[in-house]
Amino acid sequence: MLGIQRQVNLPALNTILLSFPCNLGVLCGKKQARSEHMATPVLDNPLRAGLRIGRTPEPCTMVIFGASGDLTSRKLVPALYNLARERRLPGGFSVVGFARRDWSDDYFRDLLREAVNANSRSGPVDPELWASFAQGIQYHRGSFDEADAYTSLAARLAAIDAERGTSGNRVFYLATPPEAYPTIVAQLGAHGLAHSNGWTRIIIEKPFGHDLASAQALNTEVLSVFREDQVYRIDHYLGKETVQNILIFRFANGIFEPIWNRSHIDHVQITVAETIGVEDRGGYYDTSGALRDMIQNHLMQLLCLVAMEPPSLYDADAVRDEKVKVLRAVRRLSVNDTVRGQYGPGSANGLPVRGYREEKGVSPTSQTETYVALKLFIDNWRWAGVPFYLRSGKRLPRRVSEIAIQFKAAPTMIFADTPLNDLDPNVLAIKIQPDEGISLKFSSKTPGQSQIRPVTMDFRYGASFGVTSPEAYERLLLDCMLGDGTLFTRRDEVETSWALLTPILQAWAEGPPQPFPNYEAGSWGPAAADEFIARDGRSWRRL
Amino acid sequence: MSEGAIDINAIERELRQMWQEQAAHPDAGGQAVIRALTLNLIVRAPDDDWAEQALAVAPALTAQHPNRTVIVIDRPGPATELQANAQALCTLANAGRTQVCGEQVTISARGAPAGQLASLVLPLLVPDLPVVLWAPGPQPFAQPLVQRLYRLCDRLIVDSTTFADPLRELAELAVFEQTANGAPAVSDLGWTRLTPWRELTAQFFDTRPFLPHLHRIDEIVIEYAAGNRPNPVAALLFVGWLASCLKWTPLEDAVGIEGETIQIYLRRPAVGVGPAAIRLVSVAIRPVDLAGVEGLARLVLRAVDNQQAEFVVELTSDAGHACTRATIAGAHPIERTATIDRPALADLLNSELRLLSRDRTFAAALNLAGGLARRLALP
């Protein structure tokens with residue numbers, strides 16, 4: 001039903017032609033062919049009406065490329081198993097793991113069973129349920145560039161369709177290193193796997209490109225085989241409950257939106273702090289850095305959700321249209337709006353830890369940043385003049401992600417003994433992890449004395465809803481199978497975000513080497529970052 | 001206090017004091033205690049057993065819906081007896097997380113007039129929060145306390161599996177729900193227990209090629225576990241649900257009981273014929289002997305005309321799982337195992353407390369099932 005409107009990259013002329021009454025052979029054929037392939041998320045099952053019964057997708061096969069990898073066993077299969085456990089997956093749902101190693105179906109199943117036992121939020125598997133789930137799991141051996149492997153994959157998928165009733169519905173999940181994406185996509189296209197008599201979708205993991213040119217190139221390659229509405233670029237931050245709650249909080253309450261603008265807000269701080277170092281991803285991280293690894297995707301997504309205008313409806317394209325508008329309105333960034341850092345030796349959780357340059361896989365003279373702070377402005381009527389400070393780093397003292405909206409101070413102070421600048425302004429903090437919740441700081445009188453003190457009013461998810469939230473991957477995998485792209489990034493979002501940050505990356509690469517390391521592991525980043533925000537008469541929130 | 005009178009303010013004072021003590025002396029774990037009430041729950045317990053059950057589920061309810069629970073033990077008796085006590089109840093979430101606390105007030109009464117009980121309950125409700133009345137046991141609508149309180153409530157929860165005269169009471173429940181029209185919203189825990197069965201049934205028809213078969217079902221067989229008191233309410237509600245979703249209407253006078261089997265005929269629109277054409281769906285509901293199981297045990301939807309198609313959900317030998325099987329003539333049968341836990345009372349209540357408004361799917365199913373029950377209950 002959303003079919004033709006969803007075609008964002010379809011030229012306008014084409015759209016008009018397609019919507020003509022069907023009386024010309026050529027056009028008719030084309031229209032039918034297209035609508036067959038269209039993702040139709042709504043299946044008119046009359047038993048689905050009403051409350052309580054959660055949505056379940058049509059039976060489908062999920063093909064995981066890179067099935068021998070960490071992501072498959074740590075996140076994907078546990079998420080799928082938990083969905084099955086909660087009856088969110090239909091009978092007939094199947095998984096095909098595609099990887100190079102010489103494994104048998106049984107060996108692969110045993111391995112996944114171990115993985116689910118170790119990583120599932122619901123604990124060890126229920127043997128009966130697993131037995132039924134595992135019947136739908138197969139292993140397909142092949143190299144990503146080996147044509148024969150795709151021919152046999154097509155045959156295998158057709159066999160599953162016949163045996164398990166998946167009617168041609170497929171999800172291809174690229175859980176491989178990014179270098180393999182173009183090869184896999186091209187091979188899928190060459191073997192006619194990009195379209196079927198059901199629906200076909202492809203999920204692409206981050207990183208999506210490493211700068212604007214590479215992201216555009218990857219998009220071109222993917223979109224030469226798949227249509228945009230088949231492509232699901234995953235950013236697991238969007239699968240988190242609190243991130244989704246930002247939109248509910250803003251647009252389902254009447255009291256916040258009227259003050260959500262430059263008249264009332266002084267500035268916004270978005271922080272994503274990690275305590276871990278680069279772990280065993282040193283080799284990859286050294287070619288990437290904090291700007292690419294965190295800012296370009298996760299922090300930019302948070303920025304969009306906080307700053308976007310209300311969409312006209314809660315629908316994949318309406319929401320993403322508004323998000324892209326935010327990115328397009330961001331003022332061009334210069335190097336002077338950024339601070340970078342790299343951690344040296346220090347301590348974490350009371351134990352000494354190595355510096356970044358001593359990590360495995362990292363160059364001893366590495367210039368890669370593990371910390372970035374930046375300031376940006378959104379030049380539109382709502383936000384003109386309001387700075388947004390973003391920071392993200394590794395080996396910081398606490399693992400915390402939050403968005404803090406700092407409001408303007410009271411315009412005048414009538415309480416004589418309390419000078420205006422001693423008062424804390426109101427802060428609305430949206431905490432994303434680890435303690436999900438929302439808190440509002442306001443001033444209050446201390447008992448007895450005539451003093452004013454800031455107090456916080458806390459809403460904690462854990463306190464008001466005792467249920468454990470599903471993992472981000474569960475939500476996202478289910479959404480993709482249901483054909484709902486709202487929580488995935490669209491082509492223009494990815495490219496606009498890269499377009500903003502690529503000039504910084506270039507300037508850094510061309511600029512003089514930095515005196516790295518410049519912060520101690522376990523501290524709140526380089527001193528330069530504190531000076532950077534102090535120049536504006538503000539300071540980072542103590543978290 | 002004087003005999004027979006309870007000082008409501010004393011109860012409130014007691015609760016307030018408990019919170020203040022908690023705040024002054026956080027418990028040994030050093031965890032903050034948060035009072036976060038999201039609703040008022042009144043439990044009308046017909047006897048001490050039910051009061052104990054209500055007390056037993058309170059921690060699990062508090063974890064998901066921190067609430068003020070007022071349990072009224074409303075026992076019959078010649079002499080009037082009244083007692084009240086209050087406690088704060090905290091549940092510890094995972095280590096290191098905040099404690100979630102609710103409050104409980106128990107009013108133990110014997111032979112007290114409903115008006116007197118209501119006058120105790122009403123001032124105890126926390127203002128500006130939804131009020132839910134849970135009335136387990138048989139004959140909920142005949143209870144004077146329920147009659148007095150239901151208008152003030154946002155939701156009334158009953159449990160059709162505890163009905164003494166299931167068919168007659170189901171018919172009453174249907175009439176009550178229709179008359180109340182959402183004020184209050186009505187919940188039946190017997191319906192809540194059907195959710196997994198409805199989910200598994202609905203899932204068959206998310207498969208595009210199977211969907212057409214849903215509109216050409218000819219036969220339905222439902223088997224339910226019968227202990228010493230057969231209660232076909234769940235099965236009737238299930239039929240009511242299918243019929244209301246698929247626009248089937250009961251055939252007048254084609255409802256009957258043969259031995260232990262309930263036989264029903266419904267009219268359904270015919271597929272692929274002129275609009276005036278109708279076809280019949282035959283429904284057989286029968287009890288089976290199954291130890292340790294309550295509620296539905298097996299469900300078969302069958303299309304026989306033209307192309308054979310059969311959809312089955314049945315409990316496996318170990319309770320806790322169900323096997324679903326779709327068999328279409330000429331194709332490989334599709335089978336799988338799904339979890340279908342025997343739900344704890346707390347889970348059932350929690351899922352009802354999550355709802356804020358009238359459950360229209362339930363209302364439609366109940367309306368139809370109530371009509372069938374009325375005809376079945378006729379002598």
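**Exercise 1. Work out how the end-to-end span of helix H12 of chain A compares with that of a straight helix.**

Solution. We're working with a predicted model here.
- Step one: find the helix. H12(A) runs over residues 290–307, which makes 18 residues.
- Step two: get the straight-helix span. At 1.5 Å a residue, a straight helix would reach 26 Å.
- Step three: check the ends. The end C-alpha atoms of H12(A) are only 22 Å apart, so they fall short of that span; the expected value is 1.5 Å times one less than the number of residues.
- Step four: look for a bend. H12(A) has a kink of about 30°, and its centre is Gln296(A).
- Step five: look at the surroundings. Of the 18 residues in H12(A), 17 are buried, so this helix is mostly covered; buried takes 20 or more other C-beta atoms within 10 Å.

**Exercise 2. Describe chain A as a whole, and say which stretch has a pLDDT below 50.**

Solution. Start with the inventory, then turn to confidence.
- Chain A holds 17 helices and 18 strands.
- Out of its 543 residues, 41% are buried.
- Take the contacts in chain A with a separation of 6 or more: 78% of them join residues 24 or more positions apart.
- On confidence, chain A has a mean pLDDT of 87, with 89% of its residues at 70 or more.
- The stretch to flag is residues 1–41 of chain A, where the pLDDT is below 50. In the model, that stretch still has 31 contacts beyond near neighbours in sequence.

**Exercise 3. Split chain A into its domains and work out which element gives the most to the domain 1 side of their contact.**

Solution. Bounds come before contacts.
- Domain 1 of chain A covers 39–43 + 52–205, while domain 2 covers 239–534.
- Their centres, taken over C-alpha atoms, are 34 Å apart.
- The contact draws 17 residues from domain 1 of chain A and 11 residues from domain 2 of chain A.
- On the domain 1 side, helix H4 (70–85) and strand S5 (200–204) of chain A each bring at least two residues.
- H4(A) is the answer, giving the most with 6 residues.
- Sorted by class, that side of domain 1 of chain A has 11 nonpolar, 1 polar and 5 charged residues.

**Exercise 4. Do the same job for chain B: which element gives the most to the side of domain 1 that touches domain 2?**

Solution. Same order of steps.
- The two domains of chain B are domain 1 (8–153) and domain 2 (195–377).
- Between their C-alpha centres there are 37 Å.
- Domain 1 of chain B puts 9 residues into the contact, and domain 2 of chain B puts in 5 residues.
- Helix H2 (48–64) and strand S6 (131–134) of chain B are the elements giving two or more residues to the domain 1 side.
- H2(B) gives the most, with 5 residues.
- By class, this side of domain 1 of chain B has 6 nonpolar, 3 polar and no charged residues.

**Exercise 5. Find the helix with the largest share of the side of chain A that touches chain B.**

Solution. Count the residues, then go through the elements.
- The contact pairs up 36 residues of chain A with 38 residues of chain B.
- Three helices of chain A each supply at least two residues: H6 (127–134), H7 (147–164) and H14 (461–464).
- H6(A) has the largest share, 4 residues.
- The chain A side divides into 15 nonpolar, 11 polar and 10 charged residues.

Notes
Residues numbered from 1 in each chain as written. Chains lettered and ligands numbered in written order. Predicted model: local features only at pLDDT ≥ 70, side-chain atom pairs only at ≥ 80, totals over all residues. Domains from an automatic or database assignment. Contact = placed C-beta atoms within 7 Å. Nonpolar A, V, L, I, M, F, W, Y, C, P; charged D, E, K, R; others polar. Bend = angle between axes of the 7 residues up to and from the residue. Buried ≥ 20, exposed ≤ 12 C-beta atoms within 10 Å, placed from the backbone. pLDDT = per-residue confidence, 0-100.
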